[in-house]
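Here is a short briefing on empty spaces and helix packing in one protein chain. Look at the sequence and the structure, then work through the points below.

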Amino acid sequence: MINWIGLAVSALWIGGLASLFAAFSYALYLGAETGSGLRAQLNQPWFNLASSLALMVFCLGLAASSTRGWWETLLWLALAIAFATQAWSANRRRQGLNSDIRPILRAWLRTDAPLAVGLILLGMVLAILYALVIRPYMQPDEPRHFEVVQHAARLDKLVVDWNDLVLEWEQEIIEDMETQDFWWYGYSIIGWDPENLPESFVDIWGAQYSRAFFQQPLYYTLAGALQAQWLDLPLSQATLRLRLFGVFLLGLSLWGIYLCGRELFPQRPRIALAALALAALWPSHLVANATVNNDPLVEVFVIWAVYFALRLAHRGPGLGSLSMLLLLSALAVLAKRSGLVVLVLALSLPVWVLGRMSGRWTWWRILAAVATVLLAAAAVVALFVAAQQTGRLWIPSSFFSALLDGTYTQAVAEAPLLKFAAAIIHTAIGWFGWMRVPLPSGLYVLGYIVLGLGVVGFFMGVIQLFRRGLSAWQKGAMAMLLALALAMLVLAMGKDIIYGFWRDGTIPQARYLYPALPALLLPAVLGWGWLMPQRWRRYLLPTVILSLLLFNSYVLVFVLYPFFWL
């Protein structure tokens, strides 16, 4: 059996070393061809750039293949960062720009970027605290997702499915769950009997919800590569380390949210900072990322796809933005079924066309607009068909006929939509663990008020589509974000309606909506700014940060720690 993960890791350091030799050979050739000599070529910015990138890749490969412990991994990662910095400096010299980092750093410190970095790091620190306070396996569905990661790591396979199940490994997880008092803190359809533990996950959760091998494979491939580095650790300790992978993904998501805000409102950076603060300090969002689950990965891909869709709508269809949008869209679909929401981002092409041609319509412009709409539609169909080929979307073959004949209309009418809405709101405010750790009722009242203000701000932000404060492309981009938010809500509740899962007691949760955070937060913050008097706006960001820090402190110290450890 080919060890694909080990092959990919080895290819990193071998490829980096080969690239370094290739750059040196080319420098030797140029020195002889031009008569300048080898030393002159080695001092050229192009060689510094090529060699630094090669050494960075080499160090990353050795960090990934490290076997002597975390200290060796950190050492190689530090060297990789140093070579990346050197490559950045060489690239600026190659472009004729100033490569002295000190004036660039001083100019950067005078912007809002340091505050954004601080908020991202603060959010990651809080997420780490949540990862440590909540016992292993006590996050929703965590044992099921960990099982798939465990199989990917132990079998050295990129993709695992039902046929790869090793029941003895599942029983190992069940025994470790017992050491963590799962039957006291988690959720099971059977009672606790320490002398007669369940034989499989089917006994714990029933056949339909017992395992996660049906999920899209990308998260388990990446997490399995990490898990393979510490196979000798106890399973509960491996679970905690994989939670830190989710925290890393949280940092990427927060960075993407900030960039979305800066791209959509380049002249109003405080909107981006306020949206970032809400995402970085909202407890239920942090907890949803501090887990072994595929939700954090699909969130990263969708948010960054939104960013490149906004760039495309703003700046036009450059090759880089188009390529990244298509790549991230494909990765989102491979991460989770809810990643299908990226199909909405195909609207970015028509948004750009409409923004460029507003008020200046001619026949050829109309044809160009129609062509971009058709191109976007073709991209949506192609991506959907490719995703369906994975065989893991679980979309019924009769989906479209049932949509047309009213079957799903009847299913929507029968579904307890108010119960769905209440579950989403409660889990957004805070309903932790296996939904067994609620907040005091007074905090839910306060949470309803805060979320109510958020809804008011969101709709006031949507109203800006019909006012003169935004440019044509910004209005189009806001409409695209509104469509994204609605599509995310439909996907979050749609699976329970289509398959009737709600009849078995399952309910949608707020974490299913978090990939659409830019579409939810940016209009809300824009609406708040429009509603608030000018003299109050400067107090909005500090108030949000301080209030959420107090909320996190309360949840950690007075809710989660006593429940799991006292």
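Which residues line the second largest cavity? They are D295, V298, E299, K336, S338, R511, Y512 and P515. Keep in mind that this model is predicted. The briefing takes the cavities, then two pairs of helices.

**Cavities**

- Rolling a probe the size of a water molecule over the atoms reveals where empty space remains.
- The count comes to two cavities of 30 Å³ or more.
- The largest cavity has a volume of about 180 Å³.
- It has 16 lining residues, and those closest to its centre are P140, V287, A288, Q509 and R511.
- Two elements each give two or more residues to this lining: helix 14 (283–289) and strand 1 (431–432).
- Helix 14 supplies the largest share, three residues.
- By class, the lining of the largest cavity holds eight nonpolar residues, seven polar ones and one charged one.
- The second largest cavity holds about 40 Å³ of space.
- Its lining has three nonpolar residues, one polar residue and four charged residues.
- R511 appears in the lining of the second largest cavity, and R511 is also among the residues closest to the centre of the largest one.

**Helix 23 and helix 24**

- Helix 23 covers residues 472–499, and helix 24 covers residues 517–531.
- They pack at an angle of about 130°, and their axes lie 8 Å apart.
- Angles from 35 to 65 or from 115 to 145 degrees count as oblique, so helix 23 and helix 24 are oblique to each other.
- The crossing of helix 23 with helix 24 is left-handed.
- On the helix 23 side, the contact uses M478, L481, L484 and A485.
- On the helix 24 side, it uses P518, A519, L520, L522, P523 and L526.
- This contact has ten nonpolar residues, with no polar and no charged ones.

**Helix 6 and helix 13**

- Helix 6 spans residues 113–133, and helix 13 spans residues 269–281.
- Their packing angle is about 10°, with the axes 8 Å apart.
- Angles under 35 degrees count as roughly parallel, so helix 6 is roughly parallel to helix 13.
- Helix 6 brings L115, A116, L119, I120, L122, G123 and L126 to the meeting.
- Helix 13 brings L273, L276, A277, A280 and L281.
- By class, this contact has eleven nonpolar residues, one polar residue and no charged ones.
- Which residue of helix 6 in this contact counts as polar? It is G123, because Gly is classed as polar.

Terms used. Residues are numbered from 1 along each chain as its sequence is written. This is a predicted model: local features need pLDDT of at least 70, side-chain atom pairs count only at pLDDT 80 or more; totals for chains, interfaces and linings use all residues. Side-chain values use heavy atoms; hydrogens and water are left out. On a 1 Å grid over the protein atoms alone, a cavity is a set of points where a 1.4 Å probe fits but cannot get out, and a pocket is an open set with protein on both sides within 12 Å along at least five of seven lines; lining residues have an atom within 4 Å of a point. Grid points are joined across faces, edges and corners, and a volume is the space filled by probe spheres set on the points. Helices (H or I, at least four residues) and strands (E, at least two) are DSSP runs, numbered from the N terminus. Axes are lines fitted to C-alpha atoms, for helices over the stretch in contact, and angles run from 0 to 180 degrees between N-to-C directions. A crossing is left-handed if the near helix is turned anticlockwise from the far one by less than a right angle, and right-handed if clockwise. Contact means heavy atoms within 4.5 Å.
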